[in-house]
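Could you brief me on how this chain is put together, topic by topic? I would like to follow the sheets, the annotated spans and the ligand surroundings while looking at the structure.

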Amino acid sequence: MKILTAQQLKKLDAFSTERQNISSADLMQRAASKCFNWINKNLGLNHSFSIVCGPGNNGGDGLVIAQLLSENNCDVECILLNFTDKNSPDYELNLTKLQKTECKIRSIQSENELESIKFNGKIVIDAIFGFGLSRPAEGLAAVIIKQINSSRTKKVIAIDLPSGLYCDELNAKEDQIIQADFTLTFHVPKLSFFFPEGGNSVGKVIVLDIRLDKSFASKLESNYSYITPSKVGGFLKKRKTFSHKGTYGHANIIAGSRGKIGAAVLSSKAASFSGVGLVTSTIPLIGLNVMQMSAPVAMCDDNYGTDCLEGKIEINEKHTYGIGPGIGKSPATVQFLKYFLKEVTQPIVIDADALNCISENREMLNDIPENSILTPHIKEFERLAGVTENSLDRLNKLVEFCKEHKVYVVLKDARTIICSPQGKCSFSLNGTPGMATGGSGDVLTGILTGLLAQGLSSDETTQLGVVLHGLAGEFAAEKHSEYGMNAESLLEEIGEGFKMLLKI
Ligand SMILES: NC(=O)C1=CN([C@@H]2O[C@H](COP(=O)(O)OP(=O)(O)OC[C@H]3O[C@@H](n4cnc5c(N)ncnc54)[C@H](O)[C@@H]3O)[C@@H](O)[C@H]2O)[C@@H](O)CC1
Ligand SMILES: [K+]
């Protein structure tokens, strides 16, 4: 699904109402009903609700939600921020409707009236600004946002976007933005959700389908799309009854050095859980016993060096290679990598120290086979492509880099971004902060190598692999909490991720 700008969302909104022969107020009613239903189903109605409304259509959504809560006999108070007399027409219409219900309505003109408002213990519904934010929240809006953020609220639910967050621009550090527990966003997640400059404020993102015109949306120009489990599940190939280990490819994980054999173990195990037929671990001799004991499923090739990888590897055209986890940067390993890249012709997965070696020996960039998959985290990417000023600058550099080198880059972060050699970017919302721990990246390398080995294209591999890795993280966090999980917990949950994708 394409990620759209505020301008495009407005156009889509207008086209959809016209095509469906409904008014904009009907669409607002539909959007607000979706929010109400989500709240009812997921949090229940037995709470005290405070709904804070701004002057535009986001505020209008808030008014309809207030109406629905009030009609369902909830304890609800609606706070109107009156910093302008130019309210949107649908806001005015729904305010008149709300005034006919039992809902308590408070109209706030100035900051000193805010003192008497208490948000502690309440579910706060933030409907101050949506995608129409045109400048940083200031004055009354900024003060109330600050007040909500510092209150002991039960939960904060942002409607469409946390107020104060831009839709497709970057916020400044000092901007006041609602810190939501949940963001109920319409149609698609917004670009800003994927960047650290504002993405920390969205909490859990729930995308609500308000039946905007899908064919019109697909014709709008956008370089950015959002990957969902339902999209990537279809990339899985059906396993045949009469098949054997040779049917499903051979992943060769080239990894490890003295003290970093764990990275090789994690990657090799992850590959073995990805559906691949065979796994070989190409490791220095020092890791042989550890690997055989911890990952007996992997065959070992220990012919290249004792403490670190060295020498000239013989490329097997039938193998799909994933190189980098824990290999270190010793001169002998750099030579090993140089030779490997010169010889290999099929797309490969390149991670971690292999990327760092390439950054320090840039001529190697020219030897990376087309459609290979590079999996840097932000620092590793900056070593490859240069320091970036902010997320948008990084996104532009990412596009340039992938086009120039004809590779896929999986830029690992809380919100991982995949960029294709054509410069198309896909964003994933799967994953959890519990995955911010050593070894998570090694697991991703294993998954990607395993999927690529099974004959998926690099495009399918990156999208499916990133979602699967994120789902494994979510299942691990569910079982062990975000604190009590590690990279090994991810391995145990790859299967749960597959089960979910197969159900869709
Ligand atoms: N297109 C869609 O998909 C739909 C949009 N809807 C809602 O409509 C919202 C967009 O509505 P609008 O375009 O009316 O915009 P908003 O409601 O986001 O806010 C715009 C209003 O706030 C003012 N404003 C902007 N920044 C300000 C600031 N920093 N300080 C003070 N005032 C400021 C503007 O002048 C305008 O009056 C969406 O986010 C969503 O909640 C839904 O009702 C239904 C469908
Ligand atoms: K909002």
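Here is a short tour, grouped by topic.

Please keep in mind that this is a predicted model. One open sheet has 7 strands with parallel pairing, and another open sheet has 10 strands with mixed pairing. UniProt, in an unreviewed entry, lists a "domain: YjeF N-terminal" for residues 9-218 and a "domain: YjeF C-terminal" for residues 228-501.

**The annotated spans**

- Residues 9-218, the span that the unreviewed UniProt entry calls "domain: YjeF N-terminal", are 37% helix and 18% strand. The C-alpha atoms at the two ends of this span are 12 Å apart.
- Residues 228-501, annotated in the unreviewed UniProt entry as "domain: YjeF C-terminal", are 44% helix and 13% strand. Here the end C-alpha atoms lie 10 Å apart.

**The 7-stranded sheet**

- Reading across this open sheet, the strand order is β3-β2-β1-β4-β5-β6-β7, and the pairing is parallel. The edges are β3 (104-108) and β7 (204-208), each of which pairs on one side only.
- From one strand to the next, the twist averages 20°.
- Helix α2 (residues 24-42) packs on the sheet, where α2 touches β5 (155-159), β6 (182-186) and β7. The direction of α2 makes about 130° with that of β7.
- Strands β1 (residues 48-53) and β2 (residues 75-81) run parallel and are joined by 6 bridges. Within this pair, S50 has E77 of β2 as its bridge partner.

**The 10-stranded sheet**

- The order in this open sheet is β8-β17-β16-β15-β14-β13-β12-β9-β10-β11, with mixed pairing.
- At the edges stand β8 (224-227) and β11; each has a single partner strand, so one side of each is left without a neighbour in the sheet.
- Neighbouring strands are turned by 20° against each other on average, with direction ignored.

**From β9 to β11**

- Strands β9 (residues 250-254) and β10 (residues 278-282) run parallel, with 5 bridges between them. In this pair, A251 stands opposite V279 of β10.
- To get from β9 to β10, the chain passes through helix α9 (residues 261-272), and this β-α-β crossover is right-handed.
- On to the next pair: β10 and β11 (residues 299-301) also run parallel and are joined by 3 bridges. S281 has C300 in β11 as its bridge partner, while T282 stands opposite D301 in β11.
- Helix α10 (residues 288-294) forms a right-handed β-α-β unit together with β10 and β11.

**Around ligand 1**

- Which residues come nearest to ligand 1? Of the 32 residues around this ligand, they are D13, G56, N57, G130 and G132.
- Helices α1 (6-19), α2 and α3 (57-71) are the elements that give two or more residues to the shell. The largest share, 5 residues, comes from α3.
- Helix α2 thus appears in two places in this briefing: α2 packs on the 7-stranded sheet, and α2 also contributes to the shell around ligand 1.
- Sorted by class, the shell has 15 nonpolar, 11 polar and 6 charged residues.

Key. Residues numbered from 1 in each chain as written. Chains lettered and ligands numbered in written order. Predicted model: local features only at pLDDT ≥ 70, side-chain atom pairs only at ≥ 80, totals over all residues. Pairing = 2+ DSSP bridges. Helix = DSSP H or I, 4+ residues; strand = E, 2+ residues; numbered from the N terminus. Axes fitted to C-alpha atoms, helices over the stretch in contact; angles between N-to-C directions. UniProt positions renumbered as here; feature names shortened; annotations may be inferred. Near = placed C-beta within 6 Å. Nonpolar A, V, L, I, M, F, W, Y, C, P; charged D, E, K, R; others polar. Right-handed = clockwise from strand over helix to strand, strands pointing away.
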